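The following note is offered to a colleague who is meeting this structure for the first time. Please read the points below alongside the sequence and the model.

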Amino acid sequence: MSVRLPLSTPVFKQRSARSMAVLIAGISASASLAALSAHAGGVNILSGKGGGGAAPAAAASQAAAQQGAAAAQQAAQQSVNALTKASQAIQAMRAAQSAARSLAIQAPTNVTNGLSPGGLVVDPRVGTDPSLWVNASKPTQQVTNGQVTVTIEQ
């Protein structure tokens, strides 16, 4: 008997992680520039004109934004790498399961289907000791289109 569990959640595409990193870096840079602009009293901090200390503040803001963007890009790349490895592991697992399933189907077996020797057998002691089989009906077997079904109702 094999159980196959579907993986219904798709693996994220690489570019979605990169897009998120670029978005985070852009927001970080915009917030830094807005804060510095408010602190500089409306002086054009990117040009360095007016305000005396605005040029060093603009340079510091730009450096911080670049560092944030670099860190976001590195985090995005690590996420992409982790998702790639996880996807490869899932594919390898599925291939191994498929190979095992193929071998199991081809292998000869002495196990029969249904209520028969070599298949499902009720312990013979149940007939003499009813305490061994309680709170359930005795098993019944039904064959439909070659499919054997054994039912025990509880």
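1. Confidence across the elements. This is a predicted model, and its elements differ in mean pLDDT: helix H1, residues 14-39, has the lowest value of the elements, 59, whereas strand E1, residues 140-144, has the highest, 94. For the chain, the mean pLDDT is 78, and 65% of the residues reach 70 or more.

2. A stretch to treat with caution. Over residues 5-14, pLDDT stays under 50. For these residues the model has seven contacts beyond four places in sequence. Where pLDDT is low, predicted coordinates should not be read in detail.

3. Order of the elements. The chain holds two helices and two strands. Read from the N terminus, they follow the order α-α-β-β. Helix H2 covers residues 54-106, and a loop lies between H2 and E1. Another loop lies between E1 and E2, and strand E2 itself covers residues 147-151.

4. Burial, surface and contacts. The chain has 154 residues, of which 11% count as buried. Its accessible surface comes to about 11800 Å², and carbon and sulfur atoms account for 59% of that area. Of the contacts between residues at least 6 apart in sequence, 41% join residues at least 24 apart.

5. Asn-135. Which loop holds Asn-135? The residue is found in the loop between helix H2 and strand E1. Its phi is near 60°, a positive value in a residue other than glycine. Asn-135 has a relative accessible area of 66%, and because exposed means over 50%, it counts as exposed.

6. Asn-145. A positive phi also appears at Asn-145, at about 55°, although this residue is not a glycine. Asn-145 is placed in the loop between E1 and E2. Is Asn-145 buried or exposed? Its relative accessibility is 80%, so Asn-145 counts as exposed.

7. Gln-147. This residue belongs to strand E2. Gln-147 has a relative accessibility of 52%, and it therefore counts as exposed, the cut-off being over 50%. How far apart in space are Gln-147 and Gly-114, C-alpha to C-alpha? The separation is 9.4 Å, while the two residues stand 33 residues apart in sequence.

Terms used:
Residues numbered from 1 in each chain as written. Predicted model: local features only at pLDDT ≥ 70, side-chain atom pairs only at ≥ 80, totals over all residues. Heavy atoms only, no water. Helix = DSSP H or I, 4+ residues; strand = E, 2+ residues; numbered from the N terminus. Buried < 20%, exposed > 50% of the residue type's maximum accessible area, 1.4 Å probe, protein only. pLDDT = per-residue confidence, 0-100. Contact = heavy atoms within 4.5 Å. Areas by Shrake-Rupley, 256 points an atom, 1.4 Å probe, with all protein chains shown as cover.
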